[in-house]
Amino acid sequence: MNELAVTVVGAGQAGLSTAYHLRRAGLAPWADYQVLDHAPAPGGAWQFRWPTLTYGRVHGMFPLPGSELPDADPLRPSAEVVGEYFARYEREHGLPVRRPVAVHAVREAGGGLLRVESDAGAWLTRTLVNATGTWRRPFWPRVTGQESFAGRQLHTADYSGPEEFRGRRVVVVGGGTSAVQHLLELDGVAARTLWVTRRVPRFRAEPFDREQGRAAVAMVAERVERGLPPQSVVSVTGLPMSEAMRDARRRGVLDRRPMFERMAPEGVRWADGELFEADVVLWATGFRPAIDHLAPLRLRETGGGIRMDGTAAVRDRRIQLVGYGPSASTIGANRAGRAAAREVRRLLAGETLPAAEPEPLPERTGDHSPEQLKVPQTAAS
């Protein structure tokens, strides 16, 4: 069985950033490290986004390290643009990405090694960088009467655009940017929409500056340092207000209702008995980290999360997590990839790993937004 110094699981922004920095640190692609990606093509989770999410509507991406963002037609689907960008990045930097490979489990192999088991075989590795993101773990809240609803239920992960909802009555549940994007797209297509959130959304008209960005990241970091699951920071940053959103608010499209108490065959019902008749409930309720394959290593704390020191899992420092907690963003992914490569290099050299040093935010290409700083939501906001 082949033995590697490093195995990276996941080839989204965090995984590619890590692979880039591992190569710059002197590790040889394929001989010393590889990247295992479950997706059929380059592009990370972007390749699964709905076609009507165009490149011009993306809330600002940060370029991968050592590259520039593509100057693409803003009307092209973001899935296409980002997929091509990631594919070119992998080629130009000679990154050792193997796909499609679904990793099922990571286990202790003895002798300081880890065993990575997948549908394409098994590998031994001295260290592992987990960059699996959240897209494969959509969060579905449980609501009384949910099974009785006679209409259709789907999650943002299954959303393919507004046309399939033409003439339908649609309830959109969730307080994040995806929910707002769905409502704007469904406006004028669906017969009627209703927005439901657990908490009152806070809209932000002012630019999202670097200081606010640091505060949002620090809030999430504090949770993972305590071993708690990461949560959404939309409640801190607020939803970025655009002209389209202002117009939608004026017309009542973004008039939010509190969370309903139960679901009925014909729709959703509140505690006072009010019923909204619906054909579709669209759950824009976020995602959770896709880390079930790490379960054999028993990394979770009693609080349900993995306690982190920088990018290292406190219970097993051979495991680095990027795209988890404060690095689950286009800003954080690049920074975490560099930090993880640094920690891996020290671990392989037999050095004692110090607490991770904070790195400055990269220069912004525009005002930061909650989409750039987004972390998995664990409930309808």
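Author: A quick definition to start: helix angles under 35 degrees count as roughly parallel, over 145 as roughly antiparallel, 65 to 115 as roughly perpendicular and the rest as oblique.

Reader: Thanks! What kind of model is this?

Author: This is a predicted model, where local features need pLDDT of at least 70, side-chain atom pairs count only at pLDDT 80 or more, and totals for chains, interfaces and linings use all residues. Residues are numbered from 1 along each chain as its sequence is written, and side-chain values use heavy atoms, leaving out hydrogens and water.

Reader: Cool. At what angle do α1 and α2 pack?

Author: Helix α1 (residues 13-24) and helix α2 (residues 78-92) pack at about 15°, and their axes are 11 Å apart. Helices here are DSSP runs of H or I with at least four residues, strands are E runs of at least two, and both are numbered from the N terminus. Axes are lines fitted to C-alpha atoms, for helices over the stretch in contact, and angles run from 0 to 180 degrees between N-to-C directions. The two helices, α1 and α2, are therefore roughly parallel to each other.

Reader: Which residues make the contact?

Author: Gln 13, Leu 16 and Tyr 20 come from α1, while Phe 86, Tyr 89 and Glu 90 come from α2. Contact means heavy atoms within 4.5 Å.

Reader: New topic: how many salt bridges are there?

Author: The structure holds 28 salt bridges, each a side-chain nitrogen of Lys or Arg within 4 Å of a carboxyl oxygen of Asp or Glu. One of them joins Arg 107 and Glu 117 (3.2 Å, N to O). Arg 107 sits in strand β4 (residues 103-110) and Glu 117 in strand β5 (residues 113-118), 10 residues apart.
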